[in-house]
Amino acid sequence: MFDPRDPYERYWWHYDSRRPLSMAQIIALGSVDAKTTALVWMMLEHGASITVAGPTDPQPGIGKTTTLNSLLQFVPEGTALVYMSGMYEDFAFTRLPDIDPDNTYALCNEVSNHLPIYMWGRVARRYLSLPAQGYHIATSVHADTIDDVIHLYQRDLRLGAEDVRRLGLVVNIGLVGRVYPLRRRWLSTYFLQSDADPRRPDKVTPVPLSLWNAFDDTFEHADQSILDNLACWAGIPPGEFAIALQQRMDCLEEISQGQGIDMQRMFQAIHDLRTRSRKSSD
């Protein structure tokens, strides 16, 4: 069975990339900007689940695994990471006497029916329902748009709307341009509205946090009302949320200069910012 402690097995099971990149390096490449990344950082830091979606026309090297691994550095310190075993997963970890769902992210390399090391059908539904038990999930899928992601979860996998609304962030990435080498971009970043519309309880509403503008290769960001709602979801006063968001954006802009710092230095930069934040709030 899969042993996540073994780097070779993590690579074979598609949990690790051949060429890992930090978020600072991904920003330096222009795939996303610091403001979008800072907002995702804030949401992950407060326990949001996340799906990274790539094109339905499978292309090697699109970057889903690289992106997901880089974002995992933003989860709260001390978080337990549990690696799923694809169609072989028995969810035994949920029966451990000392498991703390609120402090646990369950990682699935991909939700699809392409390989048995991925999850689909009944196993995938159980996995995607873990947030109802207090767990957080991080996974990837093949889907071209946010609507395709919701359709996959709600129609193909028959997941209830309430469970879909618990899945938090959805980042759609893709290749753009017509001249080789093609560029990778975060085409959209959404947060699934957690509250149901009383008039349409089966509807899942995606809230745009960042959209790529193909005209000038920039990113359009959420307005203040959306940021205030995110602060409410995270349980933070809007003013404090804005300060923390700006701190993370400033940090990311600094460490993504040039080619951007690597994964190890990125870990230290995140740790240093959190330490400074704790000291300033004491």
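The lining of the largest cavity is made up of five nonpolar, five polar and one charged residues. The model in which this cavity occurs is a predicted one. Rolling a probe the size of a water molecule over the atoms shows where empty space is left. Across the whole structure, the search returned three cavities of 30 Å³ or more. The largest cavity holds about 80 Å³ of space. Its lining consists of His14, Tyr15, Lys64, Thr65, Leu68, Asn69, Leu72, Leu107, Cys108, Asn109 and Ser140. Helix α4, which spans residues 64–71, gives the most to this lining, with four residues.

For the second largest cavity, the volume is about 40 Å³. Lys35, Leu39, Leu209, His221, Ala222, Leu227 and Leu245 line this cavity. By class, these residues comprise five nonpolar, one polar and one charged.

Open pockets were examined as well. The second largest pocket has a volume of about 450 Å³, and 20 residues line it. Nearest the centre of this pocket lie Asn69, Leu72, Gln73, Leu81 and Phe267. Two or more lining residues come from each of β2 (80–83) and α10 (263–281). Helix α10 gives the most to the lining of the pocket, with five residues. The lining divides into 10 nonpolar, six polar and four charged residues. Asn69 and Leu72, which are among the residues nearest the centre of the second largest pocket, also appear in the lining of the largest cavity.

Strand β2 is also involved in strand pairing. β2 and β3 are parallel and are paired over four bridges; in one of these pairs of residues, Ala80 has Thr104 of β3 as its bridge partner. On its part, β3 runs parallel to β4, to which three bridges join it. Leu107 has Ala138 of β4 as its bridge partner, and Leu107 is also one of the residues that line the largest cavity. Within β3, Thr104 and Ala106 point one way, while Tyr105 and Leu107 point the other way. Residues on both sides of β3 are buried, namely Thr104, Ala106, Tyr105 and Leu107.

Strands β3 and β4 also take part in covering helix α5. In this helix, which comprises residues 121–128, the buried residues are Gly121, Val123, Ala124, Tyr127 and Leu128. Viewed down the axis of α5, these buried residues fall within an arc of 150 degrees, so they line one face of the helix. An α-helix has 3.6 residues a turn, so residues three or four places apart point the same way. The cover over the buried residues of α5 includes β3 (104–107), β4 (136–142), α6 (146–156) and α7 (161–165).

Backbone angles were considered at two loop positions. Most residues other than glycine have a negative phi, and most peptide bonds are trans. Phe91, in the loop between β2 and β3, is not a glycine, yet its phi is positive, at about 60 degrees. The relative accessible area of Phe91 is 2%, and this residue is therefore buried. Arg158, found in the loop between α6 and α7, likewise has a positive phi, near 55 degrees, and is a residue other than glycine. The relative accessibility of Arg158 is 58%, so Arg158 counts as exposed. Of these two loop residues, Phe91 is thus buried, whereas Arg158 is exposed.

How values were computed: Residues numbered from 1 in each chain as written. Predicted model: local features only at pLDDT ≥ 70, side-chain atom pairs only at ≥ 80, totals over all residues. Heavy atoms only, no water. 1 Å grid on protein atoms, 1.4 Å probe; cavity = no way out; pocket = protein on both sides within 12 Å on 5 of 7 lines; lining within 4 Å. Points joined across faces, edges and corners; volume = space filled by probe spheres on them. Nonpolar A, V, L, I, M, F, W, Y, C, P; charged D, E, K, R; others polar. Buried < 20%, exposed > 50% of the residue type's maximum accessible area, 1.4 Å probe, protein only. Arc of directions from axis to C-beta. Contact = heavy atoms within 4.5 Å. Pairing = 2+ DSSP bridges.
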